[in-house]
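Work through the exercises below with the sequence and the 3D view side by side, and try each task before you read its solution.

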Amino acid sequence: MPRSQFGSTLRAALTVLAVVTGCTQSASTSSSPPSSAASGSPSHSAEASAVGPRAGSLVIVGRIVTMDEPPVAEALLIEDGAVAAVGTRDEVLALAGDRAPIIDIGQNVAYPGFIDAHSHWIGDRNVYGAESAAEAMDAALSRGWTSISEQWVNPEKLDELTALAAEDALPLRVDTYLALNEPAPSGAHLGDWYADRDPGPVTDRLRVRGLKITLDNGWGTIFHWEPAELTDTIGRANEAGWQVSVHTVSTEAHEMVLDAYEAALGPTGPNPLHHRIDHAIQVTDEQLARMVAMDVATVIHLDGAATDWVLEAEYLDHLGPENPGEEVGWLARWRDFVDAGLHVAAATDTPWIYPGLALTDTVGRPVDQIAGGMDGRGLSSKETPDWVLLQLLTAEQGLAAVTVDAAWAIGDEAKRGRLAVGTYGDVTILSRDVIAGSADEIRSTNVVATIVGGEIVLCADTALCP
Ligand SMILES: [Zn+2]
């Protein structure tokens, strides 16, 4: 679609975006599970814990990328919803006996279930035309997500999600971030309406995880919070154990949120609740250093946002008359974030970044994040600017951004983002290895099956699935 049309769509989208950022705190205190030794002895938990009524048991045989040790395994046993063993085919099959059905994935490749750390799949489904929450969740599952983070959840949206959880009608895991203010243009504050509850799991599929603050608008030109009230609000949330996720675009906004985090955490952290900065579009070197010092989680969008969003004339104009050169170097610093050691999650922000706000078959997928990180291709813009090309990621880095680092961004790295004994039995099976090949080859990958807690919730190849 034409740039101008995209711009207005994006502007409308970002208006909503500005209201929707939130964050949660992980209630999980479990330590990292033991990893299987190089000896080939499979990891096994003697007491696989039940995680809920939907928990399933399954053996998966084939190429399994664990994002843990060993990096690749031949077989995986999921019992009662959790990973009970990772190892060689013979070992895992011997251990499993006939307790669980077996799927042999052939030439396909299994990954830890992908985590969309910032999205509006359910809450803003009307924007992209899904008619029900179930349809919205199916759209996410069919693209390979096993966890979605719903940003900007107000009381009404929380009621809906809680009801769905009570009906056992959440086929994937949902993490909610409760909204503390409206998006642009009003930015109206909603008060500490979260204060009568604690963050944590509602069921094994639904967590009330964090709080979402929209600090500036999509262009970073309007601020919805005064510095002192932002600091006070984040301080109260931190005291009460809530993770905070802040929609932050401009350098001015980054300065404000980093000051607020510093007041809560101290200049060098640590950051046990994983407070995060979402979007992180325009960041100076000094601000990046502060993010690293406090270990602030960063959530970005690799599937075209840098090229489409930041290239908007209105955005570039905001950089100021003295601009461009040096300041352009502050934009969309994916590679700088990763190289600096930040936990960088890549998220869809469904549907707000898609041209025309349309959820087509080739947007909104984990593979779009991985591929977009590799070539910086925009969805609307024809050319990728040089400063994006300087920030490209490898496929491995993109994969980490939708698995282990996405899990960190939602504060559940002990249970999600990798496959090891004790993690959830959440698995996405893809038609190819997304570590190999060009960005476009990765974009041509198909989702073969999506498994949540050992239960096959989506299967595109019925010959494969039991
Ligand atoms: Zn958003």
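**Exercise 1.** Find which protein atoms are the donors of the zinc ion in this predicted model, and work out where in the chain His-118 and Asp-349 lie.

*Solution.* Begin at the zinc ion, whose protein donors are NE2 of His-118, NE2 of His-120 and OD of Asp-349, lying 2.0 to 2.1 Å from the ion. Next, turn to the sequence, where the spacing of these donor residues reads H-x1-H-x228-D. Then place two of them: His-118 belongs to strand 7 (residues 114–119), while Asp-349 is in the loop between strand 15 (344–346) and helix 13 (366–375), so that this pair, 231 residues apart, links distant parts of the chain.

**Exercise 2.** Decide whether His-118 and Asp-349 are buried or exposed.

*Solution.* The cut-off needed here is that buried means under 20% relative accessible area. His-118 has 0% relative accessibility and therefore counts as buried, and Asp-349, also at 0%, counts as buried as well.

**Exercise 3.** Classify the aromatic pair formed by Tyr-194 and Trp-242, and explain which parts of the chain the pair ties together.

*Solution.* The count of aromatic pairs comes to three, and one of them joins Tyr-194 and Trp-242, with 5.2 Å centre to centre and 65° between the planes. Because planes over 60 degrees apart count as edge-to-face, this pair is edge-to-face. Tyr-194 lies in the loop between strand 9 (173–179) and strand 10 (200–201), and Trp-242 in the loop between helix 6 (227–239) and strand 12 (243–248), so the pair ties together parts that are 48 residues apart in sequence. Both Tyr-194 and Trp-242 are buried.

Technical notes: Residues are numbered from 1 along each chain as its sequence is written. This is a predicted model: local features need pLDDT of at least 70, side-chain atom pairs count only at pLDDT 80 or more; totals for chains, interfaces and linings use all residues. Side-chain values use heavy atoms; hydrogens and water are left out. Rings of Phe, Tyr and Trp (its six-membered ring) pair if their centres lie within 6.5 Å; planes under 30 degrees apart count as stacked, over 60 as edge-to-face and the rest as tilted. Helices (H or I, at least four residues) and strands (E, at least two) are DSSP runs, numbered from the N terminus. Buried means under 20% relative accessible area, exposed over 50%, partly exposed in between (1.4 Å probe, protein chains only). Donors are N, O and S atoms within 2.8 Å of the metal (3.2 Å for Na, K and Ca); water is not among the atoms, so sites may look incomplete.
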